[in-house]
Amino acid sequence: MIRREFITLAGATAGLAMVSLPLRAETILLTVSGAVEGGMQTYDDAALLALPQIEFETETIWTEGVQRFSGPSLAAVLEAAGAGPGDLTLRAINDYTVDMPRAVVEAGAPIVANRIGGEPFSRRDKGPLWIVFPYDADPRFRSESVYAYSVWQLTDITVG
């Protein structure tokens, strides 16, 4: 009798879990906080995809061969968040943190890459978000400071 009740309870619990899955909100991938109009802003994949997308091919010092990266520009993300003009602090999943002068942010670079080769990419592949510059497009994008700003597994941007 106890075994049958346990199986019934386990089946009902699994069924409820499956029913509730579609009701869950999208996973928050990025938080923009600090000097932001209206307070902290969060972005899931759909919100990032809703912003204007930039795509380019480039080699990186962390990957093999030319890769096709796409995502919104960092400038577009900051604009959408209502970010003030201050410098930025970028933070990754592993708590790697770097300060980025706002002057580094241009209309087309860097991007908050959320696709490589048109597909989302996992933490194992430096995702789901990676600050990427078009390194091959201009020598100024191939410097130690730019490489330091190229945060993979990005989770947070704090605007000063």
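Here is a short chat about this predicted model, taken one question at a time.

Biologist: Before we poke at details, what does the pLDDT average for the protein chain?

Modeller: Confidence isn't even along the chain: 84% of the residues score at least 70. Residues 2-24 are a weak spot, with pLDDT below 50 and zero contacts beyond near neighbours in sequence. Where pLDDT is low, the predicted coordinates shouldn't be read in detail. Across the protein chain, though, the average pLDDT is 88.

Biologist: How many helices and strands are there in the protein chain?

Modeller: Reading along the sequence, you get the pattern α-β-β-α-β-β-α-β-β-β-β-β-α-β. Tally that up and the protein chain has four helices and ten strands.

Biologist: Which strands sit at the edges of the five-stranded open sheet?

Modeller: The sheet runs in the order E2-E1-E10-E5-E6, with mixed pairing. From one strand to the next, the twist averages 20 degrees. An edge strand here pairs on one side only, and that goes for strand E2 (41-43) and strand E6 (97-100).

Biologist: Let's zoom in on E1 and E2; which residue in E2 does Val32 stand opposite?

Modeller: Strand E1 covers residues 30-34, and its pairing with E2 is antiparallel, over three bridges. In general, strands of a sheet pair through backbone hydrogen bonds, either parallel or antiparallel. Across from Val32, in E2, stands Gln41.

Biologist: Now Ile111: is that residue buried or exposed?

Modeller: Ile111 is part of strand E7, residues 111-113. Even leaving out residues up to four places away in sequence, Ile111 touches plenty of named partners, including Ile54, Phe56, Phe69, Leu74, Trp130 and Val132. The cut-off for burial is under 20% relative accessible area. Ile111 comes in at 0% relative accessibility, so the verdict is buried.

Biologist: What separation do the C-alpha atoms of Ile111 and Phe133 show?

Modeller: Along the chain, these two are 22 residues apart. Ile111 also touches Ile131 and Val132. Between the C-alpha atoms of Ile111 and Phe133, the separation is 6.5 Å.

Biologist: Zooming back out, what percentage of the contacts between residues at least 6 apart join residues at least 24 apart?

Modeller: For context, the chain has 160 residues, and 40% of them count as buried. A contact here takes heavy atoms within 4.5 Å. Take the contacts between residues at least 6 apart in sequence, and the share joining residues at least 24 apart is 59%.

Biologist: And how much of the accessible surface belongs to carbon and sulfur atoms?

Modeller: The protein chain's accessible surface comes to about 9100 Å². The part belonging to carbon and sulfur atoms is 56%.

Note on methods. Residues numbered from 1 in each chain as written. Predicted model: local features only at pLDDT ≥ 70, side-chain atom pairs only at ≥ 80, totals over all residues. Heavy atoms only, no water. Helix = DSSP H or I, 4+ residues; strand = E, 2+ residues; numbered from the N terminus. Buried < 20%, exposed > 50% of the residue type's maximum accessible area, 1.4 Å probe, protein only. pLDDT = per-residue confidence, 0-100. Pairing = 2+ DSSP bridges. Axes fitted to C-alpha atoms, helices over the stretch in contact; angles between N-to-C directions. Areas by Shrake-Rupley, 256 points an atom, 1.4 Å probe, with all protein chains shown as cover.
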